[in-house]
Amino acid sequence: MEGNAHRGALAGGIPPTVSDVGEASGGSAIRAVDVIRKKRDAHELSRAEIDYLVRGYTRGQIPDYQISAWLMAALLNGLSRAETANLTDAMLHSGEVLDLAEFPAAKVDKHSTGGVGDKTSLVLAPLAAAGGLVVPMISGRGLGHTGGTLDKLEAIPGFDVNLSVSRFREVLRACGCAMIGQTAEIAPADRLFYSLRDVTGTVESPYLICASIMSKKLAEGIDGLVLDVKTGSGAFMKTDEDAAFLAGLMVETGQRMGKKMVALITDMDQPLGLRVGNALEVEEVLEVLRGGGPEDLRELCLELAAWMLHLGGRAATIAEAKKLAGELIQSGKALRKFREMVALQGGDTGAIDDPTRLPRAKHSLEIRSPRSGYVGAIRCEDVGTACVILGGGREKKEDSVDPAVGIILHKKVHDRVVAGEALCTLMYNSEARAGRAKTLMEQSYQIADSAPAPRKLVHRIIPATQKS
Ligand code: URA
């Protein structure tokens, strides 16, 4: 950092205040300002310094402005692998870590970095549980243009995602899978850090994203985790390189903490499946669990389930695990497991047997192709935003979600279209919202003269390194 005049001028000479002096594990004093300076100057922090920051902030002993400064230094200079693992561990242990030792089966989960039409969690939890694993899934709500697992589950009338930890255990004991939202006890440091990141321009750091996601997932008390890191126009990571970097960080962090890990970099350049919107996506989940559904969704579910079963020791190879996953669907076991979980979490199982009982929008509007050709691209983020505008997600944190609305895609990238043919249908309850969503969807579909080169569904697999 030589030659940086203002940094040199400020270095040293600031007396500690009572609030920013802490005790390191070895008994030596740590000051927040020194930890900030150290990261500002791109040095590696010790475990004790990271613990000091996380503990001090969670207890209200270090103010927002100092943590904000540290977050920006971390964003600009990055964190080492050891720092990332230490930050994850400190945030993980800021709250309750579930002890699921009472369950003899392997505990395995899947986490996706978020996408449009990504409803795989609803298929995977019951599918992996039907294969003998325990799946203690703690999920989130929609974020920005991406959908959230909790919002989708709540489209099933009566489904309760706010179980106490003791009820969560009971459901796991009864059927091997349970799906809930984050409780106040899980990784409270992450909630505090995340809110500050949101308003200080520091969300985008892959190191901070890694610690945030992994601290929450590892609090589930799992043995293994399959990461689905999305890439493309509908993902937070727009390029394969960024996605692979984040995936590598998360795999290594989990591995350092003794977990079995793998990450799949998967395509989110167009929505997954044909339905976007909460109840519409539950319908598509049921199609997949009945052995049908759109090919891309079915294929990705089988691939991710195979990795879960493999990490959980239910199959020696991915090919064998994929075959097992297919059989669990064909035999109806996965669907029965889903039904069981829905019943245990208070949901209307009648809607599982008869999806017409799921919430339905009052109106529909077809969007037609302006010309003949091929679908060259679908701007995926716009589809997610159109769904939010229809009311399927939140524009403001306090907004309520309309479970019935969304978009049904009739054409996907590569499909041939003729002028006037329907590209998609908006399902809506408000004319004003439908007007805005229509404009966005019309812009989203790019019609080309020729079909684009196909993109693979799974771009890359980032395995754990040999030592685990
Ligand atoms: N999701 C999270 O939980 N944390 C992040 O930092 C980003 C996405």
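These are my notebook entries on the domains, the ligand site and the empty spaces of this structure.

**Entry 1: the model and its domains**

I am working from a predicted model. I looked up the domain assignment first. It gives domain 1 as 22-78, domain 2 as 108-355 and domain 3 as 361-448. I then checked how far apart domain 1 and domain 3 sit, and their C-alpha centres are 46 Å apart.

**Entry 2: the ligand**

Which residues surround the ligand? I found Tyr194, Arg197, Ile209, Ser212, Ile213 and Lys216 around it. By class I get 3 nonpolar, 1 polar and 2 charged residues in this shell.

Next I went through the polar contacts. Arg197 has a side-chain N or O atom 2.9 Å from an oxygen atom of the ligand. For Lys216, the distance from a side-chain N or O atom to a ligand oxygen is 2.5 Å. Ser212 pairs with a nitrogen instead: a polar atom of the Ser212 side chain lies 2.7 Å from a nitrogen atom of the ligand.

How much of the ligand does the protein bury? The ligand exposes 240 Å² when taken alone, and I note that the protein buries 82% of that area. Helix H9 (188-198) and helix H10 (206-218) are the elements giving two or more residues to the shell. H10 has the largest share, with 4 residues.

**Entry 3: the cavity**

I searched the whole structure for cavities of 30 Å³ or more and got 1. Its volume comes out at about 30 Å³.

What lines this cavity? I listed Leu71, Leu87, Met91, Asp190, Phe193, Arg197, Leu208 and Ser212. Two of these names were already in my ligand notes: Arg197 and Ser212 are in the cavity lining and also in the shell around the ligand.

The helices overlap with the previous entry as well. H9 and H10 each supply at least two residues of the cavity lining, and so does helix H5 (81-92). Here the largest share belongs to H9, with 3 residues, whereas in the ligand shell it belongs to H10. I sorted the cavity lining by class and got 5 nonpolar, 1 polar and 2 charged residues.

**Entry 4: the second largest pocket**

I moved on to the second largest pocket, which has a volume of about 540 Å³. There are 22 residues in its lining, and those closest to the centre are Gln270, Asp296, Lys412, Val413 and Arg455.

Sorting that lining by class gave me 10 nonpolar, 3 polar and 9 charged residues. For secondary structure, I noted helix H13 (295-311) and strand E10 (373-378), each of which supplies at least two lining residues. H13 has the largest share, 3 residues.

Why do I place this pocket between two domains? Domain 2 (108-355) and domain 3 (361-448) both contribute residues to its lining, so the pocket lies between them.

**Entry 5: what I take away**

I keep two spots from this session. One is the ligand site, with Arg197, Ser212 and Lys216 in polar contact with the ligand. The other is the second largest pocket, between domain 2 and domain 3, with Gln270 and Asp296 among the residues closest to its centre.

Notes. Residues are numbered from 1 along each chain as its sequence is written. This is a predicted model: local features need pLDDT of at least 70, side-chain atom pairs count only at pLDDT 80 or more; totals for chains, interfaces and linings use all residues. Side-chain values use heavy atoms; hydrogens and water are left out. Domain bounds come from an automatic or database domain assignment. On a 1 Å grid over the protein atoms alone, a cavity is a set of points where a 1.4 Å probe fits but cannot get out, and a pocket is an open set with protein on both sides within 12 Å along at least five of seven lines; lining residues have an atom within 4 Å of a point. Grid points are joined across faces, edges and corners, and a volume is the space filled by probe spheres set on the points. Ala, Val, Leu, Ile, Met, Phe, Trp, Tyr, Cys and Pro count as nonpolar, Asp, Glu, Lys and Arg as charged, and the others, Gly among them, as polar. A residue is near a molecule or strand if one of its heavy atoms lies within 4 Å of it. A polar contact is a pair of N or O atoms within 3.5 Å; within protein, one must be able to donate a hydrogen and the other to accept it, and residues adjacent in sequence count only if both atoms are side-chain atoms. Accessible areas come from the Shrake-Rupley method with a 1.4 Å probe; for residues, only the protein chains shown count as cover.
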